[in-house]
Amino acid sequence: MKLNKENVFTIALYNVENFFDTVDDPLTNDEAYTPKGKLRWSESRYRKKVKNISSVIAQIGKNRSKYTPAIIGLVEVENTKVLEDLIHHKNLRDEGYSFVHKSSRDNRGIDVALLYRNDVFEVLHTKNYPIHYEEDDGERGFSRDILVVSGRLNGELVHIITNHWPSRREGEEKSDFKRIEAAKLLHYAIAEIKEGDSDPKIIILGDFNDNPNDESIKDYVMTEEFYNPMEELYSKGIGSLTFQRKWHLFDQIIVSKSFLTNSDTDHTFLEAKVFNKKWLRTHKGKRKGSPFRTYIGRWYKGGYSDHFPVYMNLYRK
């Protein structure tokens, strides 16, 4: 079936790999991303990062839609400055983007944010849910907040939930409990949404630091009311990042099944994909085919991110 591109709207998620400005924030551990820090994060490198990320966003979903993405969840952004610079770059300035962002208590100073096009999405309500857990030493640890944005997409009420769950830095098994706690908090947020909307249309965006078949997703996120299109992609070996030469699909979009079956829904789910164009990949060496990164360790490469974006298309009836 040939679809009218004017009726196709893209929802995306992009982990933009340490999107910091060059200014030291005394409240966070961002010293490496300063001109005198170990990564020598200069103004020219920062400007190239803004250009790179804006160029990616401008092209996500354009094979099926007439427009740039209606909504983009962003992961690993430092503050409102980088978001302002992003939406005002020449690659995006004519698209009419605004954003929702609130600083979290993550000690690295990276947050989630939601970009949206003003012509198709109207924000009605936002709320942040702080993720915290108890470390082995009894101290309270914090991760990035879960961000809930409720609004009208082409007039239809939808709820967008953006996540960036605790990493596997200290090992997958040792950190599992943190992501399970995040999953429980996600369902608490969903329960609050249902208090004001008995049949909510929910879109969950996230870098979950787990794959679609891992416990935190399969056993703690997925219920009968949700559909995870990324599970099929992952079963085919498709991923959004590599670690030790193995593909992972931590970046996922999960939707209410009403987008698939409910005749009362204005938007119908079409497809979900990984945006992994050739120009976003490393072209040679042992990392050939993996995302073209900004840094590998301390070595500046000038790429885009260590993750590919993921996206889905909705068809407006």
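In this predicted model, β1, β12 (241-243) and β13 (246-248) each put at least two residues into the lining of the largest pocket. That pocket has a volume of about 1400 Å³, and 43 residues line it. Nearest its centre sit R169, L241, F243, R293 and D306. Sorted by character, the lining of the largest pocket comes out as eleven nonpolar, 13 polar and 19 charged residues.

The second largest pocket has a volume of about 350 Å³. Its lining is made of 16 residues, and those closest to the centre are N107, Y133, E135, F142 and R169. R169 therefore turns up twice, being listed among the residues nearest the centre of the largest pocket and among those closest to the centre of the second largest one. Strand β7 (residues 140-142) gives the most to the lining of the second largest pocket, supplying three residues. The breakdown for the second largest pocket is three nonpolar, four polar and nine charged residues.

Turning to the sheets, β1 belongs to an open one of six strands, ordered β3-β4-β2-β1-β18-β15 and with mixed pairing. At the edges stand β3 (97-101) and β15 (267-274); each has a single partner strand, so one side of each is left without a neighbour in the sheet. On average, and with direction ignored, neighbouring strands here are turned by 20 degrees against each other. Inside this sheet, β2 (residues 71-77) pairs with β4 (residues 111-117) in the antiparallel sense, over six bridges. One pairing to look up in the structure is that of I71, whose bridge partner in β4 is Y116.

Two helices go with this sheet. Helix α1 (residues 43-57) packs on the sheet and touches β1 (8-19), β2, β3 and β4. The direction of α1 makes about 160 degrees with that of β1. Helix α2 (residues 80-87) lies across β1, β2, β3 and β4, and α2 runs at about 165 degrees to β3.

A further open sheet of six strands follows the order β5-β8-β9-β10-β14-β11, again with mixed pairing. Here the edge strands are β5 (121-129) and β11 (226-227), each of which pairs on one side only. For β11, the pairing is with β14 (residues 251-256), in the antiparallel sense and over two bridges. F226 has S256 as its bridge partner in β14.

Two loop residues round off the picture. R105 is found in the loop between β3 and β4. With a relative accessible area of 60%, R105 is exposed, because anything over 50% counts as such. R105 and T162 are 57 residues apart in sequence, and their C-alpha atoms are 16 Å apart in space. The other loop residue is G297, which lies between β16 (295-296) and β17 (299-300). G297 has a relative accessibility of 57%, so G297 too counts as exposed. Along the chain, G297 and T223 are 74 residues apart, and 38 Å separates their C-alpha atoms.

Definitions and conventions. Residues numbered from 1 in each chain as written. Predicted model: local features only at pLDDT ≥ 70, side-chain atom pairs only at ≥ 80, totals over all residues. Heavy atoms only, no water. Pairing = 2+ DSSP bridges. Helix = DSSP H or I, 4+ residues; strand = E, 2+ residues; numbered from the N terminus. Axes fitted to C-alpha atoms, helices over the stretch in contact; angles between N-to-C directions. Contact = heavy atoms within 4.5 Å. 1 Å grid on protein atoms, 1.4 Å probe; cavity = no way out; pocket = protein on both sides within 12 Å on 5 of 7 lines; lining within 4 Å. Points joined across faces, edges and corners; volume = space filled by probe spheres on them. Nonpolar A, V, L, I, M, F, W, Y, C, P; charged D, E, K, R; others polar. Buried < 20%, exposed > 50% of the residue type's maximum accessible area, 1.4 Å probe, protein only.
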